[in-house]
Every structure is written in structure tokens, then in C-alpha cells.
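These are my notebook entries on one structure, kept in the order in which I looked things up. The sequence and the model come first.

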Amino acid sequence: MNIFVGSLPFKVEESELKEVFEEFGEVTSVKIITDRETGRSKGFGFIEMPDDEAAKKAIAEANGAELYGRTIVVNEAEEKKERSSGGFRSGNRPSGGGGGGYNRGGSGGGGYKR
């Protein structure tokens, strides 16, 4: 089972997080998510545990626990969702209809009006 762990102290390391969750059973992987540019922790991560019962016990008991003075949030991770189209992208777009962004006149569009 994949477990989400949030509100992590920025100084916690993957090895420490693994030790905490190994109290509940086998841990196959630990990943603290970091900022690509700075390498600094984003304050959340994921734990993979092969035994669902042990994982559920870990979620129940570790959720709300304190780690380095911070109360952590622990729950079952949701499957990664497919990114929807839109946002800031270039490439071939079907003609017709307006895009988002600043409305500078014309038809269609949306977003902020001047």
C-alpha cells in the first residue's frame, strides 16, 4: 500500500521516516519529495508497505503523531491523476473558441478583464 505523509519537518530524512514506519511492518520504499531547483524538502513524502494490514495500522497510529515538533498527516495515497490539458502549453490547438487569460477584447476567452 502506498501511504502519503504530509506536514513533515523539513529536516527529516528518508532513513528517519523509514525507521518510524518500520515499527508497523516492512517498508519497501520511502520518498520525500524535494524541490527540483533547491533540493529542499517540500514537506511531504510517500511510504510503500507491502502488507496492507500493517500499512492501515501505520496510518491509524502515525496520523497526528509528532515528529520534530510537527504534527504529521498520514493517510492512504491516492492514485496519481492524469494531468488535464490546458494550462500554459504550446503546440497544435484546435481552432475556434477562446483561451483563458486576460480578456483584451474579442469574443470568447475568460479570465481577468481589464
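Which residue of strand 3 does Val30 stand opposite? I looked this up first and found Val30 opposite Ile47 in strand 3.

Before going on, I noted that this is a predicted model, in which local features need pLDDT of at least 70 and side-chain atom pairs count only at pLDDT 80 or more, whereas totals for chains, interfaces and linings use all residues. Residues are numbered from 1 along each chain as its sequence is written, and side-chain values use heavy atoms, with hydrogens and water left out.

**Entry: the chain as a whole**

I listed two helices and six strands for the protein chain, taking helices (H or I, at least four residues) and strands (E, at least two) as DSSP runs numbered from the N terminus. Along the sequence they follow the pattern β-α-β-β-α-β-β-β. Of the 114 residues in the protein chain, 24% are buried, where buried means under 20% relative accessible area, exposed over 50% and partly exposed in between (1.4 Å probe, protein chains only). I also noted that, among contacts (heavy atoms within 4.5 Å) between residues at least 6 apart in sequence, 54% join residues at least 24 apart.

**Entry: the sheet**

I then traced the pairing, counting two strands as paired if DSSP finds at least two bridges between them. Strand 2 (residues 29-34) and strand 3 (residues 41-48) pair in the antiparallel sense over five bridges, and one further position I checked is Ile32, whose bridge partner in strand 3 is Gly45. These two strands form a hairpin with six residues between them, and Gly39 in the turn has a positive phi of about 80 degrees.

Strand 1 and strand 3 also pair in the antiparallel sense over five bridges, with Asn2 opposite Glu48. Four strands in the order 2-3-1-6 form an open sheet with antiparallel pairing. Strand 2 and strand 6 (73-76) stand at the edges, each with a single partner strand, so one side of each is left without a neighbour in the sheet. Neighbouring strands of this sheet are turned by 20 degrees against each other on average, direction ignored; here axes are lines fitted to C-alpha atoms, for helices over the stretch in contact, and angles run from 0 to 180 degrees between N-to-C directions.

For the pair that includes the edge strand 6, I found four bridges joining strand 6 to strand 1 (residues 2-6), the two running antiparallel. Within this pair, Phe4 stands opposite Asn75.

**Entry: the helices on the sheet**

Helix 1 (residues 14-22) packs on the sheet, where it touches strand 1, strand 2, strand 3 and strand 6, and its direction makes about 135 degrees with that of strand 2. Helix 2 (residues 52-62) packs on the sheet as well, touching strand 1 and strand 6, with its direction at about 150 degrees to that of strand 6.

Which residues of helix 2 are buried? I found Ala54, Ala55, Ala58, Ile59 and Ala62. They cover an arc of only 140 degrees around the axis (the arc of the directions from the helix axis to the C-beta atoms), which puts them on the same side of helix 2. Glu53 and Ala60, on the other side of helix 2, are exposed. What covers the buried residues includes strand 1, helix 1 and strand 6.

At the start of helix 2, I noted that a side-chain oxygen of Asp51 reaches to within 3.1 Å of the backbone nitrogen of Glu53. After helix 2 comes Gly64, with a positive phi near 90 degrees.

**Entry: two single residues**

Is Ser41, in strand 3, buried or exposed? Ser41 counts as buried, at 12% relative accessibility. A polar atom of its side chain lies 2.9 Å from the backbone nitrogen of Gly43. Leaving out residues up to four places away in sequence, Ser41 touches Phe10, Ile32, Ile33 and Thr34.

Glu14, in helix 1, is partly exposed, with a relative accessible area of 32%. With the same exclusion of residues up to four places away in sequence, Glu14 touches Val30, Lys31 and Ile32. I closed with the C-alpha atoms of Glu14 and Gly45, which are separated by 8.9 Å although these residues are 31 residues apart along the chain.

Notes
A polar contact is a pair of N or O atoms within 3.5 Å; within protein, one must be able to donate a hydrogen and the other to accept it, and residues adjacent in sequence count only if both atoms are side-chain atoms.
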